[in-house]
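Subject: Structure handover

Hello,

Here is the structure I promised to pass on. Please open it before you read further. My notes follow below.

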Amino acid sequence: MPNSLHRLSYLSVATLKPLSLIGLAELLAISQRNNDRDGLTGALAVSKSQYFGVVEGPRDNLFSLVARLQRDRRHRDIHILELGPASARIFGRWSLVADLIEPSLVVSLADLMIPDALAVETRLAMLEGLTGSLRQVPGMR
Ligand SMILES: Cc1cc2nc3c(=O)[nH]c(=O)nc-3n(C[C@H](O)[C@H](O)[C@H](O)COP(=O)(O)O)c2cc1C
């Protein structure tokens, strides 16, 4: 089914050095606009030069995003943790919420960024916990 709900979880390494807030804001603005258009929702955690991203939505739109992500030179070494059918959205409120992981969280969340360190379900639950504690910002959903 081309429109059945699918989810992508991935890790990647940022190539913007140092990771610039302006660069990140631009990336988020475009992503949120596209995701609204494409019925995609998700979250992106950034720590040092690593991304942990989750995006969910209709399969075909998600697969075209995967192709765009793979061409995007703002990151490299994309490590797909999961790409497949999902039973429900986790980040349904967000076109793409982003969280810069604070230094105080880095130690406990370092594992979030290491391939194979955690089961994908554990990783998703941690990111859900992080974004759940964020206040909703006007203009985001
Ligand atoms: C870490 C990372 C996460 C991204 N997440 C998304 C996303 O959720 N949705 C999206 O449309 N583009 C996302 N992008 C941007 C895409 O790679 C691509 O540049 C963009 O979709 C192209 O949009 P345009 O064709 O409107 O210029 C992301 C890029 C990076 C580096």
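Start at Gly39. This residue sits just after α1 and takes a positive phi of about 70°. Bear in mind throughout that the model is predicted.

Now step back to the helix itself. α1 has 18 residues. From its first C-alpha to its last, α1 reaches 25 Å, close to the 26 Å expected at 1.5 Å a residue. Four residues of α1 are named as buried: Leu27, Ser31, Gln32 and Asn35. Seen down the helix axis, the buried residues of α1 fall within an arc of 130°, so they line one face. They pack against β2. The face turned away from that buried side carries exposed residues. These are Ile22, Ala25, Glu26, Ala29, Ile30, Arg33 and Arg37.

Next, the ligand. Which residues come nearest to it? Of the 18 around the ligand, they are Ser31, Asn34, Asp72, Arg74 and His75. Four elements give two or more residues to this shell: α1 (21-38), β2 (41-47), β3 (50-58) and α2 (59-71). The largest share, five residues, comes from α1. So Ser31 is worth a look from both sides: this residue is one of the buried residues of α1, and Ser31 is also among those that come nearest to the ligand. By type, the shell divides into eight nonpolar residues, seven polar and three charged.

Then turn to Leu62, which is found in helix α2. Is Leu62 buried or exposed? Leu62 is buried, because 21 other C-beta atoms lie within 10 Å, and the cut-off for buried is 20 or more. What does Leu62 touch, leaving aside neighbours within four places in sequence? Its contacts are His6, Leu8, Leu40, Val55 and Gly57. Thr41 is 21 residues from Leu62 in sequence. In space, the two are 10.0 Å apart, C-alpha to C-alpha.

Last, the whole protein. There are four helices and five strands. From the N terminus on, the elements run β-α-β-β-α-β-β-α-α. The protein has 141 residues, and 29% of them count as buried. Consider the contacts between residues at least 6 apart in sequence. Of these, 80% join residues at least 24 apart.

If you have little time, look at α1 before the rest. α1 has a buried face, and this helix gives the shell around the ligand its largest share of residues.

Best wishes

How values were computed. Residues are numbered from 1 along each chain as its sequence is written. This is a predicted model: local features need pLDDT of at least 70, side-chain atom pairs count only at pLDDT 80 or more; totals for chains, interfaces and linings use all residues. A residue is near a molecule or strand if its C-beta atom, placed from the backbone, lies within 6 Å of it. Ala, Val, Leu, Ile, Met, Phe, Trp, Tyr, Cys and Pro count as nonpolar, Asp, Glu, Lys and Arg as charged, and the others, Gly among them, as polar. A residue is buried if 20 or more other C-beta atoms lie within 10 Å of its own, exposed if 12 or fewer, and partly exposed in between; C-beta atoms are placed from the backbone. Two residues are in contact if their C-beta atoms, placed from the backbone, lie within 7 Å. The expected span of a helix is 1.5 Å times one less than its number of residues. The arc is that of the directions from the helix axis to the C-beta atoms.
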